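Hi,

Here is the structure I said I would pass on. Have a look at it first, and then read my notes underneath.

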Amino acid sequence: MTKKQKVVAADAKSGVEVPPPLFTAEVKKMFVEINGGMKVNAWVDSMRASSPTSRRRREVSRDRLPPALEVFDEITNASKGKQIVMFLDYDGTLSPIVDDPDRAYMSDAMRATVRKLAGFFPTAIVSGRCRDKVYNFVKLAELYYAGSHGMDIRGPCTGSSKNKKSSPSVLCQPASEYLPMIDEVYGILMEKTQSTAGAKVENNKFCLSVHFRCVDEKKWSELAGIVKSVLKNYPKLRLTQGRKVLEIRPTIKWDKGKALEFLLESLGYANCTDVFPIYIGDDRTDEDAFKVLRERGQGFGILVSKIPRDTNASYSLQEPSEVMEFLQRLVDWKERTLVDYERESLRSLKKQKVWKDQNYHGNCVCI
């Protein structure tokens, strides 16, 4: 690893060296919400900035985060003696980004890897998607699922979790009162966006997603105007951005970072110093979780992105295939650790037996 790739600041609690957050002022600017009176043209500029074309990608010149695969040993060394808890985004992390969000399937190999991962570490899927929809994609009952950006959380099915601290009855829905409003806005947007070719409105139960990945860039201004005109009548809803998607959510103070904290508390790790959370995600909505980990000084976030960008994450992976490799290496590392522990325990037992045998014979009295 070159000096430029080295992490530049040390985290006192986790023992992992982490880089400082990049361009935080620009991040705040990017997340200006439409409810605050942001003009449509400015919003469209923000849409372009968060969805760079190939040409604009070549113009980006920022320091990359340390690749998680290259500093894997550093990461595992920092986690020794601590309980790793895994948090995984879905789209763009476990599955590739596709034009049709209904066809964002994860591979069988990825599913098998996540299943093995959950056998060693408590594992949660944290997504902006509807929880039921994410479950239908992943199909692993032993995981925790936090849908709607963490506003719909449920634990593993009874008897499916191998973790002693797991709580199958975990349930958190802090935005239940907003369901009628969300459904109402969904119906309005479905009708008003029909004229925008390629636009897709997705009902994620406690939030809505307006996908513009397949919309001609010349029509983005029109689409942003439609969304803004609808939300003017719903001050209790706010608009944020993801990767070529506009996210409509209740104004309550709840996000993926809050979901992470809730799950850690549910697992019994709220005030523990021996927990090591790892959050992997590709979306700007994952920044809330990255920020929580940085502020807690525990574990770290891993950004999934091929290009450098503003983030509170500490490490990077380029695409879902690298995510799968990282997860598999974690599984392999844990298996080796357990084997080494069993061997060491066996050696210790043998030494104790030899000592007892020698001690017994040495004190034997003949009559």
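Below is what I found, going from the whole chain down to single residues.

First, a reminder that this is a predicted model. The protein chain has 367 residues, and 47% of them count as buried. Its secondary structure comes to 11 helices and 14 strands. About 18400 Å² of the chain is exposed, with carbon and sulfur atoms supplying 50% of that. If you take the contacts between residues at least 6 apart in sequence, 65% of them join residues at least 24 apart.

The sheet I'd look at is an open one with four strands, in the order β8-β9-β11-β10, and its pairing is antiparallel. β8 and β10 (237–242) are at the edges with a single partner strand each, so one side of each has no neighbour in the sheet. From one strand to the next the twist averages 20°. Inside the sheet, β9 (residues 208–211) and β11 (residues 245–250) are joined by four bridges in the antiparallel sense, and Val 210 has Leu 246 in β11 as its bridge partner. Helix α7 lies across β8, β9, β10 and β11, and it runs at about 165° to β8.

Two loops around this sheet are worth a click. The one between α7 (179–192) and β8 (200–203) holds Ser 195, which counts as exposed at 59% relative accessibility. Ser 195 and Glu 222 are 27 residues apart along the chain, and their C-alpha atoms are separated by 10.0 Å. The loop between β10 and β11 holds Lys 244. Phi of Lys 244 is near 55°, which is positive although the residue is not a glycine. With 22% relative accessibility, Lys 244 counts as partly exposed.

Elsewhere, strand β4 (residues 123–126) runs parallel to β5, with three bridges joining them; Ala 124 stands opposite Tyr 144 in β5. What covers the two faces of β5 I leave to you to trace, but both are covered: Tyr 144 and Ala 146 on one side are buried, and so are Tyr 145 and Gly 147 on the other. Then comes His 149, in the loop between β5 and β6 (152–154). His 149 is another non-glycine residue with a positive phi, near 60°, and at 1% relative accessibility it counts as buried.

Now for a helix pair. The axes of α9 (residues 256–266) and α10 (residues 287–296) come within 6 Å and cross at roughly 55°, which makes α9 oblique to α10. On the α9 side the contact is made by Lys 256, Gly 257, Leu 260, Glu 261 and Leu 264, and they meet Asp 288, Ala 289, Val 292, Leu 293 and Arg 296 in α10. Sorted by type, the residues of this contact are five nonpolar, one polar and four charged.

One last residue: is Asp 282 buried or exposed? You will find Asp 282 in the loop between β12 (275–281) and α10. Asp 282 is buried, because its relative accessible area is 1%, under the 20% cut-off. Leaving aside residues up to four places away in sequence, Asp 282 touches Asp 89, Asp 91, Gly 92, Thr 93, Ile 97, Arg 243, Leu 303, Val 304 and Arg 309. Two of those names are aspartates, Asp 89 and Asp 91, and two are arginines, Arg 243 and Arg 309.

Cheers

Terms used
Residues numbered from 1 in each chain as written. Predicted model: local features only at pLDDT ≥ 70, side-chain atom pairs only at ≥ 80, totals over all residues. Heavy atoms only, no water. Buried < 20%, exposed > 50% of the residue type's maximum accessible area, 1.4 Å probe, protein only. Contact = heavy atoms within 4.5 Å. Areas by Shrake-Rupley, 256 points an atom, 1.4 Å probe, with all protein chains shown as cover. Axes fitted to C-alpha atoms, helices over the stretch in contact; angles between N-to-C directions. Parallel < 35°, antiparallel > 145°, perpendicular 65-115°, else oblique. Nonpolar A, V, L, I, M, F, W, Y, C, P; charged D, E, K, R; others polar. Pairing = 2+ DSSP bridges.
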